[in-house]
Amino acid sequence: MLSIILEVSPLVGNLLATVLTFIYVFGLVALMNFFVTSFGLPQDISRKITHIGAGSIIVFLPLYNDLHWSKYLNILIMVVWLILLIQKGLFANPDDEAVKTMTRTGDRGELLKGPLYFVIMAIICGTLFYKTFSGIVAMTCLAWGDGFAPIIGSRYGKFKYKILSDKSIEGSLSMFIFAFVASIFFVWLIIPSALNINLILITSLVSMFVEGFSPKEIDNILIPITAIAITSFI
């Protein structure tokens with residue numbers, strides 16, 4: 001944790017860790033905006049890369065000192081984006097960074113759906129499930145599993161199916177694989193003593209089915225809730 005490494009108070013260390021999260025998230029959005037504007041990166045790809053990157057913010061959790069209330073500042077960047085998404089979803093121009101990097105079609109109203117649900121779940125995981133097995137697995141299933149599923153499925157999916165929205169077998173398998181591998185990595189990184197590969201396997205598998213059955217946007221709520229429920233009660 002930064003407070004020990006830098007030999008500063010827990011509050012100062014946690015504040016510095018929070019500054020890093022701001023640099024990371026705003027830098028990610030700016031980078032995706034650059035690629036969309038300058039290199040024609042498809043917005044749906046930019047949206048999912050932002051999705052994966054934003055969920056990976058939990059990589060900063062080991063920097064926080066858990067003995068001070070300021071550990072909950074880890075969600076401050078998400079609270080800021082909660083406000084920004086509401087404001088931008090209602091009033092932003094089509095050339096706004098968030099509209100170009102976080103929407104599929106360039107419709108600002110999309111910011112009030114999937115991205116907003118994502119931020120709300122991140123806030124819950126960063127407070128009620130701070131540095132817990134449930135919170136970490138929920139965020140990795142949401143970020144990495146649900147992030148890669150549509151990227152792989154839309155471009156390489158040949159075996160299609162539809163329940164409430166269009167999906168593919170390839171996309172669903174990608175959801176499982178990336179959720180499983182990423183969950184192992186992040187749990188090992190943040191709370192290695194809690195690593196439970198069998199439970200991660202079950203959670204990733206069930207999350208794959210939830211993603212397959214979920215309508216678009218709502219999966220940003222259903223996937224982490226499912227992961228939290230499974231890891232909390234099994």
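Read along the sequence, this chain runs α-α-α-α-α-α-α-β-β-α-α-α. That pattern comes from 10 helices and 2 strands. Before going further, note that this is a predicted model, and the values I give are computed from it.

Now the overall form. For 234 residues, a compact globule would have a radius of gyration near 17 Å, and the protein chain has 17 Å, so the two agree. Along the principal axes, the C-alpha atoms fill a box of roughly 55 × 45 × 25 Å.

How much of the chain is buried? Of the 234 residues, 50% are buried. As for the outside, the protein chain exposes about 10900 Å², and carbon and sulfur atoms supply 73% of that area.

Next, contacts. Take the contacts with a sequence separation of 6 or more: 72% of them are accounted for by residues 24 or more positions apart.

On to charge. The protein chain has 15 positive and 14 negative charges, and the mean positions of the two groups are 4 Å apart. Side chains of opposite charge can pair when their charged atoms come close. How many salt bridges does a search of the whole structure find? The search finds 3. I will go through them in turn.

Asp 146 pairs with Lys 48, with 3.7 Å between the closest N and O atoms. Asp 146 sits in helix H7, residues 133-156, and Lys 48 sits in helix H3, residues 43-55, so this salt bridge ties together parts that are 98 residues apart in sequence. Asp 146 and Lys 48 are both buried.

Then there is Lys 131 with Asp 66, where the closest N and O atoms are 2.9 Å apart. Where do these two lie? Lys 131 is in the loop between helix H6 (114-127) and H7, while Asp 66 is in the loop between H3 and helix H4 (76-91). The pair links distant parts of the chain, 65 residues apart. Are the two partners buried or partly exposed? Lys 131 has 15% relative accessibility, so Lys 131 counts as buried. Asp 66 has 33%, so Asp 66 counts as partly exposed. The cut-off behind this is that buried means under 20% relative accessible area.

That leaves Lys 88 and Asp 96. Their side chains meet in a salt bridge at 2.9 Å, N to O. Lys 88 and Asp 96 are both buried.

To sum up: 10 helices and 2 strands, a radius of gyration of 17 Å, and 3 salt bridges. That is all from me.

Methods:
Residues are numbered from 1 along each chain as its sequence is written. This is a predicted model: local features need pLDDT of at least 70, side-chain atom pairs count only at pLDDT 80 or more; totals for chains, interfaces and linings use all residues. Side-chain values use heavy atoms; hydrogens and water are left out. Helices (H or I, at least four residues) and strands (E, at least two) are DSSP runs, numbered from the N terminus. The radius of gyration is taken over C-alpha atoms; the globule rule is 2.2 Å times the number of residues to the power 0.38. Buried means under 20% relative accessible area, exposed over 50%, partly exposed in between (1.4 Å probe, protein chains only). Contact means heavy atoms within 4.5 Å. Accessible areas come from the Shrake-Rupley method with a 1.4 Å probe; for residues, only the protein chains shown count as cover. Lys and Arg count as positive and Asp and Glu as negative; His and the chain ends are not counted. The place of a charge is taken as NZ of Lys, CZ of Arg, CG of Asp or CD of Glu. A salt bridge is a side-chain nitrogen of Lys or Arg within 4 Å of a carboxyl oxygen of Asp or Glu.
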